[in-house]
Amino acid sequence: MQNTLREALMAQATFDMVNTSAINSVKLCILPGVYNTMKMTQDQTSKEVVINYSDPAALVNAGYSADQVADDSKFNPNAIVRVTGVGRVMFRDFLNTVQRVGATVNKIIIQNKSQSQDIYDQQIEIAKTVIGAKGGTDFITLQNYVNVNAYDRSKITIDLSEEPLELTPEVFMALTIPASAHFSLQFQFNTTVNI
């Protein structure tokens with residue numbers, strides 16, 4: 001399948017995700033909504049105080065399930081799930097964009113890079129966060145997008161073009177990452193580069 005030039009120029013963000021635990025799955029919060037996940041820590045090598053965005057305490061206190069909040073691995077080297085931007089994208093850039101102006105997602109593409117297919121047995125949890133209450137939750141079941149007739153089952157595409165997913169500053173998004181899982185998660189946005 002070939003991409004058109006318009007598809008090739010579409011704005012996108014791709015992240016490589018690896019669960020470094022061989023025995024434990026991790027509920028990874030991708031977007032924390034209105035909750036503050038910043039935490040000051042001391043870098044063990046340089047002894048400098050650094051800020052990371054991976055503290056799930058505020059989310060857990062509000063009733064959301066999360067073991068870890070996504071942040072670039074270089075800012076949180078002790079994270080169980082390592083998140084690395086692919087190309088020129090950093091996870092913090094994606095997070096800042098959603099929290100400042102929002103984004104409209106046309107497609108979510110998941111490329112499995114491990115032998116296990118357990119990542120496709122998961123659901124992407126999406127909710128609107130509201131201070132003082134827990135908003136309703138929706139789920140995207142990944143198994144619904146596995147094409148059993150496809151030769152290459154390592155990739156699924158969640159096409160949202162008919163009903164795009166609006167990522168606003170209030171959106172909570174999470175995904176359970178199975179033990180030893182390695183995959184890429186790509187968001188394609190409803191904007192193109194004009195030349």
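Colleague: In which strand is I156 found?

Modeller: In this model, which is predicted, I156 is found in strand β10.

Colleague: Why is I156 called buried?

Modeller: The cut-off for buried is under 20% relative accessible area, and I156 has a relative accessibility of 1%, so it counts as buried. Leaving aside neighbours within four places in sequence, I156 is in contact with I108, I109, I110, Y120, L142, Y145 and V146. N112 is 44 residues from I156 in sequence and 8.6 Å from it in space, C-alpha to C-alpha.

Colleague: What makes the side chains of β10 an alternating set?

Modeller: Over residues 155–159, I156 and I158 point to one face and are buried, while K155, T157 and D159 point to the other face and are not buried. In a regular strand the side chains alternate between the two faces of the sheet.

Colleague: How do you know that β7 and β10 are paired strands, and in which sense do they run?

Modeller: Pairing requires at least two bridges between the strands, and β7 (residues 103–112) is joined to β10 over five bridges, in the antiparallel sense. Within these strands, Q111 stands opposite K155 of β10.

Colleague: Which strands, then, are the edges of the open sheet of five strands, and what makes them edges?

Modeller: That sheet has the order β5-β2-β12-β8-β9, with mixed pairing, and its edge strands are β5 (68–69) and β9 (137–141), each of which pairs on one side only. The link between β2 and β5 consists of two bridges, with the strands running parallel; since at least two bridges are needed, the two strands count as paired. C29 has V69 as its bridge partner in β5.

Colleague: Why is S161 called partly exposed?

Modeller: Partly exposed covers the range between the limits of 20% and 50%, and S161, with a relative accessible area of 45%, therefore belongs to that class. S161 lies in the loop between β10 and β11 (165–167).

Colleague: What makes the approach of the S161 side chain to the side chain of D159 a polar contact?

Modeller: The distance between the two side chains is 2.7 Å, whereas the limit for such a pair of N or O atoms is 3.5 Å, so the distance criterion is met.

Colleague: S21 is also in a loop; why is it called buried rather than exposed?

Modeller: S21, in the loop between β1 (10–19) and β2 (26–32), has a relative accessible area of 14%, which is under 20%, and therefore counts as buried. A polar atom of the S21 side chain lies 3.2 Å from the backbone nitrogen of I23, and the backbone nitrogen of N24 lies 2.9 Å from a polar atom of that side chain. Not counting residues up to four places away in sequence, S21 touches I80, A179 and S180.

Colleague: What makes S180 remarkable in its backbone, and how exposed is it?

Modeller: S180 has a positive phi of about 65° although it is not a glycine. This residue is found in the loop between β12 (171–177) and β13 (182–192), and its relative accessibility of 40% lies between 20% and 50%, so it counts as partly exposed.

Colleague: Why is the aromatic pair of F15 and F94 called tilted?

Modeller: A search of the whole structure finds seven aromatic pairs. In the pair of F15 and F94 the ring centres are 5.4 Å apart, with 55° between the planes; the distance is within the 6.5 Å limit and the angle is neither under 30 degrees nor over 60, so the pair is classed as tilted. F15 lies in strand β1 and F94 in helix α3 (residues 91–100), 79 residues apart. Both rings also belong to one aromatic cluster, formed by F15, F91, F94, F187 and F189.

Colleague: How do you know that F15 is buried, and F94 likewise?

Modeller: F15 is at 0% relative accessibility and F94 has a relative accessible area of 4%; buried requires a value under 20%, so the term applies to F15 and F94.

Colleague: Which residues have the most contacts inside the largest nonpolar core?

Modeller: They are F94, I108 and F187, in a core of 39 residues. Apart from it lies another core, of nine residues, among them C29, Y35, A66 and A174. In soluble globular proteins, nonpolar side chains tend to be buried together.

Colleague: What makes R92 a charge over the ring of F75?

Modeller: The charged end of R92 sits 3.8 Å from the centre of that ring, which is within the 6 Å limit, so the distance part of the criterion is satisfied.

Terms used: Residues numbered from 1 in each chain as written. Predicted model: local features only at pLDDT ≥ 70, side-chain atom pairs only at ≥ 80, totals over all residues. Heavy atoms only, no water. Core = buried A, V, L, I, M, F, W, Y, C linked by side-chain atoms within 4.5 Å. Buried < 20%, exposed > 50% of the residue type's maximum accessible area, 1.4 Å probe, protein only. Helix = DSSP H or I, 4+ residues; strand = E, 2+ residues; numbered from the N terminus. Polar contact = N/O pair within 3.5 Å; in protein donor to acceptor, adjacent residues only side chain to side chain. Contact = heavy atoms within 4.5 Å. Phe/Tyr/Trp six-rings, centres within 6.5 Å; stacked < 30°, edge-to-face > 60°. Lys NZ or Arg CZ within 6 Å of the ring centre and 35° of its normal.
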